[in-house]
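Here is my note on the structure, set out as numbered points so that each can be checked against the coordinates.

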Amino acid sequence: TLTGPWGVWRNVASALPGAHQIENAATAAAALWVVGQAGLPSGEAAVRTGFGGVRWPGRFECVVVGGARVVLDGAHTAAAAAALARSMAEVYPGEQAVAVLGLSADKNAGEI
């Protein structure tokens, strides 16, 4: 349910997995409302269509390689890594995971 100056939109679903995507979706809905106030077309139908069909390659993207499930994600900050860990636990409860991490020199590997 999204509630804001636009009113209440119930049962809005996002195709992106992970609880942290709820906050991202709500932020996007608020931005679209502002865009609508500026006269550009937007609204509940557009939000439902966009959220339901969104695809973000490399963002909690599950692929199968050689029979093994591989989750791809571009988490590159401590907060993003924490959100990824929460999503893994939520979507794949009780399963063990192996993490492979590659970072640029400007990232804090210890925090991540």
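The points below deal in turn with the core, two residues of one helix, a further helix, and the salt bridges.

1. Please keep in mind throughout that this is a predicted model, so every distance and accessibility quoted here is a computed value.

2. Which residues make up the largest nonpolar core? It consists of 8 residues, namely Leu-2, Trp-6, Trp-9, Val-12, Ala-25, Ala-29, Val-47 and Phe-51. The elements that contribute two or more residues to this core are α1, spanning 20-37, and α2, spanning 44-53. Val-47 is a useful residue to display, since once its neighbours within four places in sequence are set aside, Val-47 is in contact with Leu-2, Trp-9 and Val-12, and also with Leu-32.

3. Leu-32 belongs to helix α1, and because its relative accessibility is 31%, above the 20% under which a residue is called buried, Leu-32 counts as partly exposed. Beyond its neighbours within four places in sequence, Leu-32 is in contact with Ser-42 and Val-47. A backbone distance can be set beside these contacts: the C-alpha atoms of Leu-32 and Ala-46, which are 14 residues apart along the chain, are separated by 9.1 Å.

4. Is Gln-21, also to be inspected here, buried or exposed? Gln-21 has its place in helix α1 and, with a relative accessibility of 4%, counts as buried because this value is under 20%. The side chain of Gln-21 is joined to that of Asn-24 by a polar contact of 3.0 Å. If neighbours within four places in sequence are left out, Gln-21 is in contact with Leu-16 and Arg-59.

5. Helix α3, residues 78-91, has 14 residues and reaches 20 Å from its first C-alpha to its last, which is close to the 20 Å expected at 1.5 Å a residue. Within α3, the residues Ala-81, Ala-83 and Ser-87 are buried. These residues cover an arc of only 160° around the axis, and therefore lie on the same side of α3. What do the buried residues of α3 pack against? They pack against α1.

6. The structure holds 3 salt bridges. One of them joins Glu-44 to Arg-48, with the closest N and O atoms 2.9 Å apart. Both residues lie in helix α2 and are 4 residues apart, which is about one turn of the helix. In general, an α-helix has 3.6 residues a turn, so residues three or four places apart point the same way. Glu-44 is partly exposed, with a relative accessible area of 31%, and Arg-48 likewise counts as partly exposed, at 30% relative accessibility.

7. Another salt bridge is formed where the side chains of Arg-69 and Glu-95 meet, at 2.3 Å from N to O. Arg-69 lies in strand β4, residues 68-72, whereas Glu-95 is in the segment after α3, so this pair ties together parts that are 26 residues apart in sequence. Arg-69 counts as partly exposed at 42% relative accessibility, as does Glu-95 at 46%.

8. The side chains of Lys-107 and Asp-106 also meet in a salt bridge, at 4.0 Å from N to O. Why are the two partners classed as they are? Lys-107 is partly exposed because its relative accessible area is 29%, between the limits of 20% and 50%, whereas Asp-106 counts as exposed because its 62% relative accessibility is over 50%.

Methods
Residues are numbered from 1 along each chain as its sequence is written. This is a predicted model: local features need pLDDT of at least 70, side-chain atom pairs count only at pLDDT 80 or more; totals for chains, interfaces and linings use all residues. Side-chain values use heavy atoms; hydrogens and water are left out. A nonpolar core is a set of buried Ala, Val, Leu, Ile, Met, Phe, Trp, Tyr and Cys residues joined through side-chain atoms within 4.5 Å. Buried means under 20% relative accessible area, exposed over 50%, partly exposed in between (1.4 Å probe, protein chains only). Contact means heavy atoms within 4.5 Å. A polar contact is a pair of N or O atoms within 3.5 Å; within protein, one must be able to donate a hydrogen and the other to accept it, and residues adjacent in sequence count only if both atoms are side-chain atoms. The expected span of a helix is 1.5 Å times one less than its number of residues. The arc is that of the directions from the helix axis to the C-beta atoms.
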